[in-house]
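Hi,

Here is the structure I promised to send over. Have a look at it first, and then read my notes below.

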Amino acid sequence: MNSPDRASEAIVTPYEISLLRASRAAVEPYAADLPGHFYATLFQRYPQVRDLFPEHMEVQHDKLVRALMLVVDLVDEPATLVRFCSELGRDHRKFGAVSAHYAAVGECLLATLEHFAGSAWTPAVAAAWTRAYTAAAGVMDGAATADAAEHPAVWDARVVDHRRHGRDLAEITVRTDLPYPYTGGQFVSLATPWWPKSWRYFSPANARRPDGTVTFHVRAVTGGPVSTALVQRARVDDVLRLGRPLGDMVLDPAARRDVVCVAGGTGLAPVLALLEQAVLDGVRRRTDVFVGTRGTDGPLGLDTLRRLADQYSWLTVHPVVHDDDTPGAVTRLPAALAAAGPWRDHDAYVSGPGPMIVSAAEALYRTGVPLDRIHHDPFVRLDFAL
């Protein structure tokens with residue numbers, strides 16, 4: 001599985017897949033406690049790795065559970081699992097992870113699963129988890145090693161413009177010290193000098209520019225120290241850090257299918273970047289963009305989107321207005337999307353809050369769009385399709 005030409009090979013048998021999913025079901029009731037137990041075990045057995053992690057571990061906890069569940073979901077899709085694990089491996093370089101850490105993490109992960117699975121944990125289950133984790137870790141380590149030969153682990157990014165839009169939203173533009181190799185539609189992990197080991201994901205709102213600048217739309221989240229610092233504390237000349245660009249929510253320049261995009265909130269940023277990338281690449285595929293708006297206020301970037309639509313005849317914008325105080329308003333975006341379909345012959349791109357991604361993706365899927373053509377945040381699980 002370490003080699004791309006072996007990506008289609010199964011890493012576990014159908015029987016082992018059933019064991020993995022049954023054991024996951026056994027530990028899911030303890031999902032809130034599982035991360036804390038894992039990290040306590042890891043730091044007790046391997047105290048030397050503690051410095052790789054931030055002081056406050058709450059968000060890191062959530063990332064572990066989401067990644068673990070996705071690995072189990074993808075064990076019968078080897079090619080997709082290879083892509084996911086490869087991205088994780090490249091991304092984890094920013095933490096200072098090295099090959100030796102993977103064995104330590106695997107040991108403590110299996111000990112944690114055994115603790116919570118109880119009688120559901122058998123030698124056969126342990127063997128299935130060992131095989132699956134070993135394969136996934138091998139892909140992560142191999143991807144990280146290959147990436148290190150071509151790219152730095154992190155890029156310094158100096159703030160060159162900071163504009164507030166209300167109390168909790170900011171438009172932040174940075175310039176990296178070295179060329180930053182991303183494609184419009186990807187997302188980026190970002191750390192601040194005030195929380196140097198806490199990384200959060202944001203999507204650039206533009207494709208690559210000649211001057212090397214990258215713009216982010218950041219909303220301060222309650223209890224989110226990184227987003228709050230970026231909105232309320234960051235100033236011009238502050239130096240942030242960017243991890244490697246990630247995600248496959250990008251347009252294939254060789255594809256010929258029409259495109260449908262769905263965006264809500266700051267999720268409009270990657271859609272804007274994707275459309276700018278289409279312009280740069282000379283792509284002229286008919287594209288419909290559905291944007292959720294609250295009342296008369298649209299998300300940051302809606303004016304830019306409308307200007308693009310005025311300039312390019314292949315682009316059509318569909319604002320979907322709703323009021324959070326109106327019963328049933330949350331369903332309007334997927335309902336409008338379904339009513340305007342069918343989209344079965346389109347490539348789809350969905351970005352925004354997790355629940356919106358799930359509902360919009362389900363609407364697309366129910367109208368005939370295959371799952372492999374619905375591009376979205378890889379950490380959002382589409383439970384309706386399982």
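I started with Thr-192, which sits in the loop that links β3 (188-191) to β4 (200-202). Keep in mind that this is a predicted model. Is Thr-192 buried or exposed? Its relative accessibility is 3%, and the cut-off for buried is under 20%, so Thr-192 counts as buried. Its side chain also reaches back to the chain: the backbone nitrogen of Trp-195 is 3.1 Å away from it. Setting aside residues up to four places away in sequence, Thr-192 touches Val-226, Leu-230 and Leu-240.

Leu-240 takes us to strand β6 (residues 239-242), where Leu-240 and Leu-242 make up the covered face. Val-239 and Arg-241 are on the uncovered one. That fits the usual picture, since side chains in a regular strand alternate between the two faces of the sheet.

What does β6 pair with? One partner is β1 (residues 155-164), which runs antiparallel to β6 and is joined to it by four bridges. In that pairing, Trp-155 stands opposite Leu-242. Another partner is β3, also antiparallel, with two bridges to β6. There, Ala-191 faces Arg-241 across the pair.

Now for the helices. The largest nonpolar core holds 47 residues, and those with the most contacts inside it are Leu-20, Leu-42, Phe-84, Leu-113, Trp-121 and Trp-129. Two or more residues each come from α1 (14-27), α2 (34-45), α3 (58-73), α4 (78-91), α5 (99-117) and α6 (123-148). Which of these gives the most? It is α6, with eleven residues. As a general point, nonpolar side chains in soluble globular proteins tend to be buried together.

Leu-113 is a good residue to click on here. Beyond its neighbours within four places in sequence, Leu-113 is in contact with Val-27, Leu-34, Leu-68, Trp-121 and Trp-129. A second core lies apart from this largest one. That other core has 23 residues, including Val-289, Leu-305, Leu-308 and Val-317.

Last, a word on α2. This helix has twelve residues and spans 17 Å from its first C-alpha to its last, close to the expected 16 Å. Its buried residues are Leu-34, Pro-35, Phe-38, Tyr-39, Thr-41, Leu-42 and Phe-43. You will recognise Leu-42 from the list of residues with the most contacts in the largest core, and Leu-34 as one of the contacts of Leu-113.

Cheers

Terms used
Residues are numbered from 1 along each chain as its sequence is written. This is a predicted model: local features need pLDDT of at least 70, side-chain atom pairs count only at pLDDT 80 or more; totals for chains, interfaces and linings use all residues. Side-chain values use heavy atoms; hydrogens and water are left out. Buried means under 20% relative accessible area, exposed over 50%, partly exposed in between (1.4 Å probe, protein chains only). A polar contact is a pair of N or O atoms within 3.5 Å; within protein, one must be able to donate a hydrogen and the other to accept it, and residues adjacent in sequence count only if both atoms are side-chain atoms. Contact means heavy atoms within 4.5 Å. A nonpolar core is a set of buried Ala, Val, Leu, Ile, Met, Phe, Trp, Tyr and Cys residues joined through side-chain atoms within 4.5 Å. The expected span of a helix is 1.5 Å times one less than its number of residues. Two strands pair if DSSP finds at least two bridges between them.
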